[in-house]
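Here is a short set of exercises to work through with the model open beside you. Try each task before reading its solution.

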Amino acid sequence: MATGIILLGHGSRIPEANEHLKVLAAQVREILGDVRVEPCYMMRTHPDLAEGIATLVKEGRRRIIVVPMFFSNGLHVQRDIPEQLAAAREQYPEVEFIYGTNLGADRRIAEVIVERIQEVTPVGLSV
């Protein structure tokens with residue numbers, strides 16, 4: 001079954017702010033190999049979730065995994081995304097939609113944060 005992955009970020013009116021998600025999508029694609037990874041946004045820019053789903057379905061994807069790129073389990077994660085996926089399931093009954101877990105408070109993210117702190121910490125100053 002042809003699978004597509006959507007990395008779903010918040011989105012910004014500032015175009016450069018949306019580039020990180022595109023870079024992450026390319027990195028995920030590189031790690032997973034020959035898998036279609038589409039960056040999409042909840043608001044303020046395109047493609048949004050519905051547009052991303054439509055693109056993947058037109059390409060013949062019959063399994064779509066949506067990974068919310070959010071740290072907290074807020075309204076987008078708990079309500080907005082599930083509602084949009086419910087609508088997509090009705091529109092595309094032949095497609096399997098899988099809703100991944102948001103990023104959350106993951107130790108691997110904490111390790112990246114510590115690296116960022118260490119990058120800007122003056123030499124000799126312990127963190």
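**Exercise 1. Pairing of two strands**

In β2, which residue is the bridge partner of Ile6?

Solution. Keep in mind that the coordinates come from a predicted model.
- Step 1: Start at Ile6 and look across to β2, where its bridge partner is Glu38.
- Step 2: Widen the view to the strands themselves: β1 (residues 3-9) and β2 run parallel and are joined by six bridges.
- Step 3: Trace the connection between them. The chain leaves β1, passes through helix α1 (residues 19-32) and arrives at β2, and this β-α-β crossover is right-handed.
- Step 4: Check the surroundings of β2. Five of its six residues are buried, so the strand is largely enclosed by the rest of the structure.

**Exercise 2. The length of a helix**

Work out what span the 14 residues of α1 should have at 1.5 Å a residue, and compare it with the model.

Solution.
- Step 1: Use one less than the number of residues as the multiplier for 1.5 Å.
- Step 2: The expected span is then 20 Å, and the end C-alpha atoms of α1 are 20 Å apart, which agrees.
- Step 3: Look just past the helix: α1 is followed by Gly33, which has a positive phi near 90°.

**Exercise 3. Unusual backbone in a loop**

Find a cis peptide bond and a non-glycine residue with positive phi.

Solution.
- Step 1: Recall the usual case: a negative phi for most residues other than glycine, and trans for most peptide bonds.
- Step 2: Scan omega. The bond between His46 and Pro47 is cis, with omega at about 0°.
- Step 3: Place Pro47: it sits in the loop between β2 (36-41) and α2 (49-58).
- Step 4: Scan phi. Arg44 is not a glycine, yet its phi is positive, about 75°. Arg44 also lies in the loop between β2 and α2.
- Step 5: Assess its accessibility. With a relative value of 45%, Arg44 counts as partly exposed.

**Exercise 4. Charged pairs**

How many salt bridges does a search of the whole structure find, and how accessible are the partners in some of them?

Solution.
- Step 1: The search gives nine salt bridges. Side chains of opposite charge can pair when their charged atoms come close.
- Step 2: Take Glu38 and Arg36, whose closest N and O atoms are 2.6 Å apart. Glu38 is buried at 12% relative accessibility, while Arg36 is partly exposed at 21%.
- Step 3: Turn to Asp106 and Arg108, with 2.5 Å between the closest N and O atoms of their salt bridge. Asp106 is partly exposed, at 23%, and Arg108 is exposed, at 61%.
- Step 4: Now consider Arg107 and Glu111, which meet in a salt bridge at 3.6 Å, N to O. They are four residues apart in helix α4 (residues 107-120), which means a separation of about one helical turn. Arg107 is exposed at 65%, and Glu111 is partly exposed at 41%.
- Step 5: Look for shared partners: Arg36, Glu38, Glu59 and Arg61 are joined into one network of salt bridges.

**Exercise 5. The surroundings of Arg61**

Where does Arg61 lie, and what does its side chain reach?

Solution.
- Step 1: Arg61 is in the loop between α2 and β3 (63-68).
- Step 2: A polar atom of the Arg61 side chain lies 3.5 Å from the backbone oxygen of Thr3.
- Step 3: A polar contact, also of 3.5 Å, joins the side chains of Arg61 and Glu59.
- Step 4: Leaving out residues up to four places away in sequence, Arg61 touches several residues, among them Gly4, Leu56 and Val95.

Technical notes. Residues numbered from 1 in each chain as written. Predicted model: local features only at pLDDT ≥ 70, side-chain atom pairs only at ≥ 80, totals over all residues. Heavy atoms only, no water. Buried < 20%, exposed > 50% of the residue type's maximum accessible area, 1.4 Å probe, protein only. Pairing = 2+ DSSP bridges. Right-handed = clockwise from strand over helix to strand, strands pointing away. Salt bridge = Lys/Arg side-chain N within 4 Å of Asp/Glu carboxyl O. Polar contact = N/O pair within 3.5 Å; in protein donor to acceptor, adjacent residues only side chain to side chain. Contact = heavy atoms within 4.5 Å.
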